[in-house]
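Subject: Structure handover

Hi,

Here is the structure I promised you. Please open it next to this message and read the two together.

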Amino acid sequence: MAITNYTEPSNLSDFVMNKGHGVKGLSETGLKSLPKQYIQPIQERINVKDVLQGQSIPIIDMSNWDDPKMADSICDAAEKWGFFQIVNHGVPIEVLENVQEATHRFFGLSAEEKNKYSKERSSSNNVRYGTSFTPQAEKALEWKDFLSLFYVSDDEAAALWPSVCRDPALEYMKKTEIVIKKLLEVLTKRLNVREIDSQKENVLMGSKRININYYPICPNPELTVGVGRHSDVSTLTILLQDNIGGLYVRDEKRDSWIHVPPVKGSLVINVGDALQILSNGRYRSVEHRVAANGSSNRISVPIFVNPRPSDVIGPLSEVLATGEKPIYKEVLYSDYVKHFFRKAHDGKGTVDFAKI
């Protein structure tokens with residue numbers, strides 16, 4: 001098929017989505033200009049003039065968990081920025097490197113092999129290979145392919161997850177569990193939660209999803225995005241990014257964007273909508289997005305730490321015990337997530353679903 005044909009909607013959709021080539025396959029055809037389906041409206045593109053130079057989100061050293069200054073730094077960052085990077089977090093560097101290598105292995109598979117995990121062909125909704133975000137709801141597509149893995153059990157993962165990335169992905173999830181628990185202990189302590197019992201643990205981190213993302217070289221990166229403006233629906237997101245860069249976080253006060261530069265061995269932590277709701281708005285789930293890149297392929301591996309789908313989330317009773325008025329109602333978490341996934345990325349629009 002000639003490259004010029006990819007700009008025709010039916011052919012492009014068939015090649016990228018139905019046949020499973022994704023934007024990686026599109027990029028590898030050597031196309032010289034961006035297909036029109038990926039051209040974002042001007043207001044959604046990343047403009048250099050909107051990026052604050054010399055600014056960065058906090059980088060927090062986690063080597064001493066008993067240091068009250070470290071706890072304050074975490075909570076302050078969650079309140080002010082909604083984002084921070086952690087170093088000396090205890091997750092071995094080889095675990096991080098292994099899951100990055102596994103990501104490249106999966107996306108190096110043939111389109112036919114990857115397509116076995118597409119929405120139409122996967123044996124389970126818990127394993128999903130796809131492209132963009134919600135193509136059927138998007139006016140402009142995003143320049144990204146992904147594999148999404150919802151964790152139920154080791155046995156299910158052994159049976160259903162692709163063998164080329166299964167073990168490193170599971171190891172990455174397990175090695176980050178201690179960090180996740182400690183972060184949530186610190187964050188909830190400021191919310192007057194004395195102890196995370198089993199019920200609270202379910203609401204805070206009862207389910208997990210790991211995505212492996214691939215952002216291939218783009219012929220006109222200034223015209224599109226890797227991921228559009230959004231906030232996560234998680235409690236917390238733990239993100240491993242490679243050394244390419246391209247993640248931008250919203251600075252709402254200055255109506256600008258801040259680049260999150262890669263720091264070797266670090267993990268990027270961000271507050272999700274669920275924690276914003278549970279904290280009654282004290283911790284902030286912040287808009288972020290990813291730029292497309294014209295010279296390098298980029299990967300990232302986020303773990304989304306979530307309530308269980310069956311959990312009802314709303315402001316914690318400990319937060320409201322002082323007489324603080326709730327600004328969010330109680331919502332079934334699965335309803336909240338469905339609302340997020342049935343539409344295109346729209347900044348902070350999802351959290352309005354839970355507002356009183």
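Below are notes on confidence, overall build, cysteines and two residues.

Confidence first. This is a predicted model. The average pLDDT of the protein is 88, and 92% of the residues score at least 70. Residues 1-9 fall below 50. That stretch still has 18 contacts in the model beyond near neighbours in sequence.

Now the overall build. The protein has 12 helices and 14 strands. The C-alpha trace spans about 65 × 50 × 40 Å along its principal axes. The radius of gyration is 20 Å, which agrees with a compact globule, because a chain of 356 residues would then come out near 21 Å. Of the 356 residues, 54% count as buried. Take the contacts with a sequence separation of 6 or more: 77% of them link residues 24 or more positions apart. The exposed surface is about 15800 Å², and carbon and sulfur atoms supply 49% of that area.

Next, the cysteines. How many disulfides does a search of the whole structure find? Zero. Cysteine 75 has a relative accessible area of 2%, so it is buried. Cysteine 218 is buried as well, with a relative accessible area of 2%.

Two polar residues come next.

Asparagine 211 sits in strand β5, which covers residues 207-215. Is asparagine 211 buried or exposed? Its relative accessibility is 10%, so it counts as buried; the cut-off is under 20%. Its side chain makes a polar contact of 2.9 Å with the side chain of serine 148. Beyond four places in sequence, asparagine 211 touches Leu147, Ser148 and Leu149. Its contacts also include Ser300, Val301, Pro302 and Phe304.

Glutamine 241 belongs to strand β7, residues 236-241. At 9% relative accessibility, glutamine 241 counts as buried. Which side chain makes a polar contact with the side chain of glutamine 241? That of arginine 298, at 3.0 Å. The glutamine 241 side chain also reaches a backbone oxygen, that of valine 260, at 3.2 Å. Setting aside neighbours within four places in sequence, the contacts of glutamine 241 include Gln100, Leu247, Val260, Pro261 and Pro262. Val268, Arg298, Ile299 and Ser300 are also among them.

One link between the two: Ser300 is in contact with asparagine 211 and with glutamine 241.

Best wishes

How values were computed: Residues are numbered from 1 along each chain as its sequence is written. This is a predicted model: local features need pLDDT of at least 70, side-chain atom pairs count only at pLDDT 80 or more; totals for chains, interfaces and linings use all residues. Side-chain values use heavy atoms; hydrogens and water are left out. pLDDT is the predictor's confidence in each residue, from 0 to 100. Contact means heavy atoms within 4.5 Å. Helices (H or I, at least four residues) and strands (E, at least two) are DSSP runs, numbered from the N terminus. Buried means under 20% relative accessible area, exposed over 50%, partly exposed in between (1.4 Å probe, protein chains only). A polar contact is a pair of N or O atoms within 3.5 Å; within protein, one must be able to donate a hydrogen and the other to accept it, and residues adjacent in sequence count only if both atoms are side-chain atoms. The radius of gyration is taken over C-alpha atoms; the globule rule is 2.2 Å times the number of residues to the power 0.38. Accessible areas come from the Shrake-Rupley method with a 1.4 Å probe; for residues, only the protein chains shown count as cover. A disulfide is a pair of cysteine sulfur atoms within 2.5 Å.
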